[in-house]
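Trainee: I should like to learn how to read the features of a protein model. May we go through one together?
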Amino acid sequence: MPLSRLHADEIEVDAVLVERLVAAQFPQWAHLPVAAIALSGTDHAIYRLGPSLSVRLPRRPEAVKQVEKEQRFLPALAPPLPLAIPTPLALGAPGEGYPWPWSVYRWLEGETPAQCTEDLARDLGGFIAALRRIDARDGPRPGRHNFGRGMPLATRDGATREAIAALSDVFDAAALTAIWEAGLNAPAWEGAPVWIHGDLSAGNLLMVEGRLSAVIDFGGLAAGDPACDLIAAWSLFAGAERDAFRAVLMPDDASWARGRGWALSVGTIGLAYYRASDGAIAANMRRTIAAVLADCGQATA
């Protein structure tokens, strides 16, 4: 059965197509069963291939460049990181009616977080800190390949204001605008670009025995403003958990303000886009916006 559609420009992908692609291009794995997994990404289809492999295929044109990026950079990023990340094992070519490159990865065991704890906040902060320490001089600059994550907030101004206006039936537009402008007017990042994951949502974190064990889905990978990865402070954490996350990373006030701006921008644009098509994503975006408002002493509408 094909995955449900989230975008107008998606193509149809199902397990039968994956079986044909694997059999044609990687016959050594043709005997392995293919099964859809419960949580695929919004831009990729992910299928389990036997007990120890997975197949990841772009579902829309904007995600295609992420294939080459992940194949190139993830093997080099993995060794110094304190947690596991996806390991690409093979690069597939277009075929069997499928138009784009695709990847085979090693399967990573784990479950998405059932709850966010101080341990999770510290573990994730430590992962981000380690990622930032890796030399990013050859890293790809933010752009369409990673949906602009890590670019200056000003590049999102128009889209964020449109989303705030579209959500005026749900949230106080004036309060959201004031918080957005505070992030927008915070001093810009003046350091060298650093590695960012770009999408540290709960669905991209894997837990084993109550601790963070792996970070997955590096489609948002780029070298840019590190404030982007502070989104997790509001999308995942609150109270003592947020304090623990901040204590590990020790961002300056300007970076924290930009991070809050990023959380608000992603939350509002995401809620405006997904509220009619994906209730789970919309609920996560709504919680992020509410967390930003509460952090700024604003009640939700």
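Trainee: Which residues does R242 touch, not counting residues up to four places away in sequence?

Mentor: Please bear in mind that this is a predicted model. To read the surroundings of a residue, one looks for its contacts beyond its neighbours in sequence. R242 touches A233, W234, F237, W256, A291 and D295. The residue itself is found in helix α7, which comprises residues 239-249.

Trainee: Is R242 buried or exposed?

Mentor: Burial is read from relative accessibility, and a residue under 20% is called buried. R242 has a relative accessibility of 10%, so it counts as buried.

Trainee: Let us turn to the sheet. What is the order of the strands in the open sheet of five strands?

Mentor: A sheet is read strand by strand, from one edge to the other. Here the order is β1-β2-β3-β5-β4, and the pairing is antiparallel. β1 (34-36) and β4 (88-92) stand at the edges with a single partner strand each, so one side of each lacks a neighbour in the sheet. On average, neighbouring strands of this sheet are turned by 25° against each other, direction ignored.

Trainee: How many bridges join the strands, beginning with β1 and β2?

Mentor: One follows the sheet pair by pair. β1 and β2 pair in the antiparallel sense over three bridges, and A35 has R48 in β2 as its bridge partner. Six bridges join β2 to β3, which also run antiparallel; among the residues involved, H44 is partnered by P58 in β3. At the other edge, β4 is joined by four bridges to the antiparallel strand β5 (residues 102-106), where W102 is the bridge partner of G92.

Trainee: What do β2 and β3 form, and how many residues lie between them?

Mentor: They form a hairpin with three residues between them. G50, in the turn, has a positive phi of about 65°. As for its surroundings, β2 is largely enclosed by the rest of the structure, because five of its six residues are buried.

Trainee: Which strands does helix α1 lie across?

Mentor: A helix on a sheet is described by the strands it crosses and the angle it makes with one of them. Helix α1 (residues 15-25) lies across β1, β2 (44-49), β3 (53-58), β4 and β5, and runs at about 110° to β3. Helix α2 (residues 65-77) lies across β2, β3, β4 and β5, running at about 150° to β4.

Trainee: Which residues of α1 are buried?

Mentor: The buried residues of α1 are L17, V18, L21 and V22. Seen down the helix axis, they fall within an arc of 130°, so they line one face of α1. These buried residues pack against β1, β2, β3 and β5.

Trainee: How is empty space found in a model?

Mentor: Rolling a probe the size of a water molecule over the atoms shows where empty space is left. The structure holds one cavity of 30 Å³ or more, and about 30 Å³ of space lies in the largest cavity. Its lining consists of H44, R56, L57, P58, Q66, V67, E70, S103 and Y105. β3, α2 and β5 each supply at least two residues of that lining.

Trainee: What is the volume of the second largest pocket?

Mentor: The second largest pocket has a volume of about 220 Å³. Of the 16 residues that line it, P152, L153, A188, W189 and D225 lie nearest its centre. The elements that give two or more residues to this lining are α5 (173-184) and β9 (222-224).

Conventions: Residues are numbered from 1 along each chain as its sequence is written. This is a predicted model: local features need pLDDT of at least 70, side-chain atom pairs count only at pLDDT 80 or more; totals for chains, interfaces and linings use all residues. Side-chain values use heavy atoms; hydrogens and water are left out. Two strands pair if DSSP finds at least two bridges between them. Axes are lines fitted to C-alpha atoms, for helices over the stretch in contact, and angles run from 0 to 180 degrees between N-to-C directions. Contact means heavy atoms within 4.5 Å. Buried means under 20% relative accessible area, exposed over 50%, partly exposed in between (1.4 Å probe, protein chains only). The arc is that of the directions from the helix axis to the C-beta atoms. On a 1 Å grid over the protein atoms alone, a cavity is a set of points where a 1.4 Å probe fits but cannot get out, and a pocket is an open set with protein on both sides within 12 Å along at least five of seven lines; lining residues have an atom within 4 Å of a point. Grid points are joined across faces, edges and corners, and a volume is the space filled by probe spheres set on the points.
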